[in-house]
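Student: I am new to this structure and would like a guided look. Could we start with the core and then turn to the loops?

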Amino acid sequence: MTTDTLRLPSTLRIGLARGAAEVRAYFRERDAVVFTFALPTVILILLGSIFNEPLDGVPDATVSQVFAAGMIAYGVLSTAFISIGMGIVADREDGTLKRLRGTPATAGAYLIGKIVLVAVTTLASVAIMLAVAVLLFDLELPSDTGRWVTFTWLMALSVVACTLLGIAASTLARSTRSAPAVMNLPVLALQFTSGIFVHISTLPDGMLAVSSLFPVKWMGQGFRSVFLPDEAGLQEVAGSWEHGRIALVLIAWCLIGLVLCLVTFRWTDRRTR
């Protein structure tokens with residue numbers, strides 16, 4: 001028997017296979033799919049319909065378009081942070097993770113599988129939100145390649161950072177009953193303090209200083225830079241889009257999330273030990 005026949009599949013290969021299985025299982029849960037995709041879109045429709053006046057100093061944009069662009073950050077959080085965090089709590093509670101531990105699936109493969117799931121569901125959620133924004137609020141999709149390049153790296157970093165943070169935060173929930181409160185509270189708070197549910201120019205300086213430490217503020221700012229005219233950047237805190245700083249902050253949170261996952265990830269419910 002040769003060494004090759006005994007070699008186990010790589011972590012990446014197992015992770016991708018796990019991701020494909022996660023995607024199939026996720027879309028079989030129709031109620032979860034509808035809720036996850038509908039909530040950000042419904043909030044977008046409500047905010048965009050209430051605040052639909054022209055944007056001061058930017059004749060080619062409206063406040064509803066500002067919300068539409070920034071709300072993409074909430075769509076990412078809804079699928080990457082909340083849904084994944086609650087899903088891991090359920091996997092841990094019902095013994096799914098314990099059973100996986102007896103297979104060749106390493107923790108790294110499990111994390112890769114979750115990132116694959118988040119990437120697929122996030123792209124679907126964002127596509128729905130953009131379609132609604134274009135149809136209802138006349139949001140214009142970018143016509144130049146540079147903005148789509150920005151959208152691509154921004155989406156990739158946002159998905160990875162929020163997924164890793166969601167996995168780490170799942171350890172704070174003791175059960176599936178407490179998971180929704182644990183996962184939703186920080187997300188909802190950051191939507192208001194980071195300029196997603198309210199215009200960022202209306203926020204007090206102290207609140208902005210705190211929210212700048214977290215990725216949500218930078219995600220919203222980045223997505224606004226993709227879909228709004230350049231003049232709208234003057235209304236940001238620094239008076240510009242700050243793409244370099246956005247990338248650095250999100251990369252930092254990717255690394256922080258990875259460290260937190262490696263330190264806090266557990267295969268079993270601590271109550272079963």
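**Core, spans and loops**

Tutor: In the largest nonpolar core, which has 73 residues, the members that touch the most others are Met-71, Val-76, Phe-81, Met-155, Met-219, Phe-223 and Phe-227. Such a core is a set of buried Ala, Val, Leu, Ile, Met, Phe, Trp, Tyr and Cys residues joined through side-chain atoms within 4.5 Å; buried means under 20% relative accessible area and exposed over 50%, with partly exposed in between (1.4 Å probe, protein chains only).

Student: Which helix gives the most to this core?

Tutor: Helix H4 (residues 63–93) does, with 16 residues. Helices are DSSP runs of H or I, at least four residues, and strands are runs of E, at least two, numbered from the N terminus.

Tutor: The model is predicted, so local features need pLDDT of at least 70 and side-chain atom pairs pLDDT 80 or more, while totals for chains, interfaces and linings use all residues. Residues are numbered from 1 along each chain as its sequence is written, and side-chain values use heavy atoms, without hydrogens and water.

Student: What does Met-71 touch?

Tutor: Its contacts (heavy atoms within 4.5 Å) include Pro-40, Ile-43 and Phe-197, not counting residues up to four places away in sequence.

Student: Now the loops: is Asp-138 buried or exposed?

Tutor: Asp-138 is exposed, at 56% relative accessible area. It lies between helix H6 (107–137) and helix H7 (145–169) and has a positive phi of about 55 degrees, although not a glycine.

Student: And where is Glu-242?

Tutor: Glu-242 is in the loop between helix H10 (215–227) and helix H11 (243–264). Glu-242 is buried, with a relative accessible area of 17%.
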